[in-house]
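Work through the exercises below with the model open beside the text, and attempt each task before reading its solution.

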Amino acid sequence: MRIPPRIPRNIPPRPSHGFPGLPALNRRAALALGAFAAVGVSAGAFAPPCGCAFAAADGALSLDEIAPGVFVHRAPYEVLAPDNDGAIANVGLIVGAEAAAVIDTGNSHIAGLRLREAARRVTDRPIRYVVNTHMHPDHVLGNSAFEGEGVRFVGHRKLPRALSVRAETYLDQVKRLLGPAGEGTRIVLPDLLVEDRLVLDLGGRPLEFEAHPTAHTDNDLTIRDSASGTWFLGDLLFVGHVPTLDGSLQGWLSVLDRLAARAASRAVPGHGPASVEWPAAMAAERAYLEDLRTDVRRFIADGVPMGEAAERAGRSQARSWALFDEFNARNAIAAYHEFEWE
């Protein structure tokens, strides 16, 4: 398959004027920077027996081997904060005979550095592809840690625009919430775009990329490792962490219907356990989205104002999800806008 030409991908952040009055680097940040400087891109052994867990020593992220050559860092259910450095979304690594691919990179440059160091502890294969499942900052802002000769950044065809228009907001948030630990974070856009489907080979290990219509966002991309039957679903699948809507609720449910009809040995959610059964793991997310749709449509029919609907919609699900209060009202507002003129 012909690989499209590169497109410009770097959008520099606004000039930094320092962060007076903010705390110094936290311990985890300092450890990660020190480890990266000391170890650089030194090689590690490839593919230990399936089931191994790699500890997050010296600031590197922990990686669990969920299938031979497939590794995932399970992130905590947290929002961006100094004590997590922005490592708040599940990220992955797939290793082939010739090269490796990283799936998502975290919410800051330092989160990307921690992932890169973890990858180097697992394999000596060069990282050829860095894949972003969608444009949200907890999945893309660590990209800069992987820039280098021969590295391609892969994303949905709509990701460059979606990320570009949010770039200033995302970078300002990192500066505000991480302070000095956020230094180096910048936008790196994909230079290899998936229009519909694309297959890339890591050396005896083809990866199948699929661009989806608007659902969680308008630029959701999934990655299937045919060698192990592992399906990276990004934020099309949330487990434990309340789903977050930034696209179309109706579209999301439709995409889930199509995905549920396809088998996989295991799925990797954007937030949740490192590996889950598919499609059984989708049931709770679907129930939440359906309840939210039902509530919002009823409130609209009853003439309930959007602000009140945002406080009431989906409340029956509150005890079932982490970070419910942080995101549910936003979901309800997005759904209200979607359905008020249907």
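The model is predicted, so local features need pLDDT of at least 70 and side-chain atom pairs count only at pLDDT 80 or more, while totals for chains, interfaces and linings use all residues. Residues are numbered from 1 along each chain as its sequence is written, and side-chain values use heavy atoms, with hydrogens and water left out.

**Exercise 1.** Determine which strands pair with β13 and in which sense.

*Solution.* Begin with β13 itself, which spans residues 221–225, strands being DSSP runs of E of at least two residues, numbered from the N terminus. Next, take pairing to require at least two DSSP bridges between two strands: β12 (residues 206–211) runs antiparallel to β13 and is joined to it by 5 bridges, with Ala 211 partnered by Leu 221. Finally, β14 (residues 230–238) pairs with β13 in the antiparallel sense over 3 bridges, and Arg 224 has Trp 231 as its bridge partner. β13 and β14 form a hairpin with 4 residues between them, where Gly 229 in the turn has a positive phi of about 75°.

**Exercise 2.** Decide whether the faces of β13 are buried or exposed.

*Solution.* Apply the cut-offs for relative accessible area, with buried under 20% and exposed over 50% (1.4 Å probe, protein chains only), and partly exposed in between. Leu 221, Ile 223 and Asp 225 on one side are buried, as are Thr 222 and Arg 224 on the other, which agrees with the count of 5 buried residues of 5.
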